[in-house]
Each structure stands twice: as C-alpha cells, then as structure tokens.
Amino acid sequence: MSVADLSKNYNTSVDIGTITNRMAGVKLRVNSGVGSDYNFTLNGFSGRQVKFFMDGLAMDNFGDAFSINNLPANMVERAEVYKGVLPVGLGADALGGAVNVITRKTANYLDVSYSFGSFNTHKASINGAYTNGKTGLTTRLTSFLNYSDNNYKVYVPIIDLESGQKLGNQWVKRFHDGYKSLRVRLETGFVNRPFADYLLAGIIVAGNDKDIQNGVVMELVYGARTTDSRSVIPMLRYKKSDLFIEGWGLSFYGSYSDVDNNSTDTVPRRYNWQGEWVPNASTSSGERSRSQLHINNKEWRTNTSLNYTFNQYHTLSLNHVYSGLTRKVSDVEDPANEYNKVSQSIDKQYLVWDGWPNIHDGMLPCSKGDKACE
C-alpha cells in the first residue's frame, strides 16, 4: 500500500491522476487533452483488473464524469494505492489492485478555486463543510467543473474530399474535440454522536459532454459525432464503532445510481482535417453509421462490514457487497434492432471474512522489544 498526501497540492490545479502517476508502480497514459481516454497501469495490471473508489465507494457506477484524471486535488485528503490484495472493507474483485480516493473530512472549511490555461481550458471547484460542534449536524459539498476546447495542433494527413487524393501532412488545429464535465456531491447528517460515528445521506449529480474528433486512425476525421453522460446517485452512509459492546463495529453504504449514456452520429458528412466537408453518398447515414444510441444503467449497491477488535493487535472482519445492475439499450435510428431488445441484468454478491494484525500508519502499535511485534 502507498499513500499520497494531497494537502500540499490544495493551491494547485493538478488532478488526482497526475499525483498517482508519480507513485512507484503506477503509470497513467492519457490519449490527448482534457477528458480524453486514458490507461491506468498498476504493477503491470490495467483495465478492469484495477478498481477505483471514493471514500471506499466503487466509482464504476458513478458515470463517465468521474475519472481519475479529472478529479481536482483540492477536494481530496489523500489517495491510497493498493497493489495486489485489497482491504476487506472495499469488497471488490480487483485482481491487480485499487485506488481509494479519500475526500477532505475537515469539520469547517471553504475552498474555492479557478484556473485557466492553454486551448481554452478552464477548471473550477467549490468544496466546503460546516459542522455544528454541539449537535454534530454537518453538511458537506464537493463540486468541480472542467472545460476545454482541446484545439491543440496535430501533424496529420490532409485528404482532398472531392478526389480522395492525399495532399501530404500538415500541422492543423483540432476543431471538434471539446469537453466539459460537471460534478456535485452534497451530503448532510450527523457525525460523532452516540448513535453513530457518522450518519450521512447525500446525492451525486454529474454529467459530461464530449466531441469525437477522430477514429482509431487519424485518417478518420469527424466533425459532428458526440457522446454525453448524465448521472443521479442518491446514497446513504453509516458507521458506528463499539456498537452495543466494546470492540464491535458496523459500517454500511447503500446507493442507487441512474446513469444515461448517449452516443450521437446523425450528420451525413465527410470531413478532413482542414474542417472541410462534403455530403455522404448515402443521405441516410451519419459520419460513421447513423445512430442515436442510448444506454441506461440502473444499479443498486450495498456494502456492509462488521468487525470485532479483540485487542490492539488483532481484528476479525466480515464484509458483504451486493450489486444489482439492469441495462436498457435503445436507438431511435434503429428501433427494430433485436439485440437492443434483449433483457440485460446482472446480480453480484461478495462475502469476505478475514483476520489480520492491526496496523496503524504502516507500523504495528508496539515498542521496540515488545514480543508481540515479533
């Protein structure tokens, strides 16, 4: 396990991906500008072999607006990178490891930031919390907005659209690669009360819009294809130490996510890298294949953990994770597609128990010469 303290980066415009990329065993490769696809490698593992969490909550049901390379550092207290075996409390089937982003838990603060840079890139965030010391009533807000035209120059082949003749390579600006994302997370509840360490109800609202500039090869140029995503996620979190008797602890997380993903290709044109276009031979086609694909994912997810601390050296933990996903696919341009009519759903459950020595800040809680340390 490696931990990156992000408190020194609160006054910078870096993202979580940049911070984790500096850690041993981690490699983050971004395809292009803001909002582009990326490949996160952890000790040689990548893709679905590596999971991402926020405060112990799986981010794979948060929608496309949540990405490790667009979360601002000033909303995060630390980033935990697990290489290989994961803590039982995360309850994930990650073969290669995981990254757990821990948001700021300061009782009372307000952080507002704005930055701008090349290619008309703008990044803004508002994060804060208020806690009543007597009642324990608390409200927490984390939010960010990213925008960029991503109109940097690329050295690409230019094609005459009328004749199909290649005119050689030139430096040109990307003209259809804009990206914007918005994310707001609001929680309210009680902390440090006799009935709960914390009891928080909240909601996450997020969305992103992305232009598609080119295909797998640079010769495929697009000027109107787009994708977008919208997410609404209500959730409930609870944790209590010394539940009923000393040593027992219980934590629970439950959420319901409703995520819409859209991919649109309806303009019957062919583009080149100079932004020129001609009509497609078939007026019924788009730039690639006429489509207004809509994918809706609805998912229930719970994570329940029960643990008992025998002494300062040993703990026994039992963790149960449930996720139930239902997916509906439709396309108004192809309503007769039989594949889209097939019912798609999956239910997964994980039950894990384990016992291990208590470790705090990477060290066993004992002094030199203590036999328990040996």
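Where is the place of Asp 177? Select this residue and you will find Asp 177 in the loop that runs between β12 (166–173) and β13 (179–193). Keep in mind throughout the tour that this is a predicted model.

**Stop one: the surroundings of Asp 177**

With Asp 177 still selected, display its side chain together with that of Arg 174, since the two make a polar contact at 3.1 Å. Asp 177 has a relative accessibility of 4%, and because buried means under 20%, it counts as buried. Next, bring up the residues that Asp 177 touches beyond its neighbours within four places in sequence: these are Ser 32, Ser 148, Asp 149, Asn 150, Tyr 152, Lys 210, Asp 211 and Gln 213.

**Stop two: a small sheet and its turn**

Now select β1, β6, β7, β4 and β5, which form an open sheet of five strands in the order β1-β6-β7-β4-β5, with mixed pairing. β1 (2–5) and β5 (57–58) stand at the edges with a single partner strand each, so one side of each has no neighbour in the sheet. Zoom in on the β5 edge, where strand β4 (residues 50–54) is joined to β5 by two bridges and the two strands run antiparallel; here Met 54 has Leu 57 of β5 as its bridge partner.

Between these two strands, select Asp 55, which is found in the loop from β4 to β5. Its phi is near 55°, a positive value in a residue other than glycine, and at 14% relative accessibility Asp 55 counts as buried.

For a second residue with positive phi, move to Phe 119 in the loop between β8 (109–117) and β9 (121–131). Phe 119 is not a glycine either, yet its phi is about 60°, and with a relative accessibility of 41% Phe 119 counts as partly exposed.

**Stop three: the pairing of β14, β15 and β16**

Select β14 and β15 and follow their antiparallel pairing, which extends over 14 bridges; as a point of reference, Gly 207 stands opposite Arg 230 in β15. Then add β16, which is joined to β15 by 14 bridges and runs antiparallel to it, and look for Met 235, whose bridge partner in β16 is Ser 255. In the hairpin of β15 and β16, where six residues lie between the strands, Asp 242 takes a positive phi near 50°.

**Stop four: salt bridges**

How many salt bridges does a search of the whole structure find? The search finds 15, and three of the pairs are visited here.

Begin with Glu 187 and Arg 185, whose side chains meet in a salt bridge at 3.4 Å, N to O. Both residues lie under the cut-off for burial, because Glu 187 has a relative accessible area of 4% and Arg 185 has a relative accessibility of 3%.

The next pair to select is Arg 225 and Asp 265, with a salt bridge at 3.8 Å, N to O. This pair links distant parts of the chain, as Arg 225 lies in the loop between β14 (196–211) and β15 (226–241) while Asp 265 is in strand β16, 40 residues apart. Arg 225 and Asp 265 are both buried.

Then turn to Arg 290 and Glu 333, whose side chains meet at 3.0 Å, N to O. Here too the pair links distant parts of the chain, with Arg 290 in the loop between β18 (277–279) and β19 (291–309) and Glu 333 in the loop between β20 and β21, 43 residues apart. Arg 290 is partly exposed, with a relative accessible area of 32%, and Glu 333 also counts as partly exposed, at 29%. To finish this stop, select Asp 55, Lys 105, Arg 185, Glu 187 and Arg 237 together, as salt bridges that share partners join them into one network.

**Stop five: a nonpolar patch on the surface**

Switch to a surface view and select Phe 244, Ile 245, Trp 248, Leu 306, Phe 310, Leu 316, Leu 318, Leu 351 and Trp 353, which make a nonpolar surface patch of about 1,000 Å². β20 (314–331) and β21 (344–357) each supply at least two residues of this patch. Finally, pick out Trp 248, which is found in strand β16 (residues 248–265) and is partly exposed, with a relative accessible area of 33%.

Definitions and conventions: Residues are numbered from 1 along each chain as its sequence is written. This is a predicted model: local features need pLDDT of at least 70, side-chain atom pairs count only at pLDDT 80 or more; totals for chains, interfaces and linings use all residues. Side-chain values use heavy atoms; hydrogens and water are left out. Patches are made of residues with over 30% relative accessible area and no salt bridge: like charges are joined within 9 Å, nonpolar side chains (Val, Leu, Ile, Met, Phe, Trp, Tyr) within 5 Å. Accessible areas come from the Shrake-Rupley method with a 1.4 Å probe; for residues, only the protein chains shown count as cover. A salt bridge is a side-chain nitrogen of Lys or Arg within 4 Å of a carboxyl oxygen of Asp or Glu. Helices (H or I, at least four residues) and strands (E, at least two) are DSSP runs, numbered from the N terminus. Buried means under 20% relative accessible area, exposed over 50%, partly exposed in between (1.4 Å probe, protein chains only). A polar contact is a pair of N or O atoms within 3.5 Å; within protein, one must be able to donate a hydrogen and the other to accept it, and residues adjacent in sequence count only if both atoms are side-chain atoms. Contact means heavy atoms within 4.5 Å. Two strands pair if DSSP finds at least two bridges between them.
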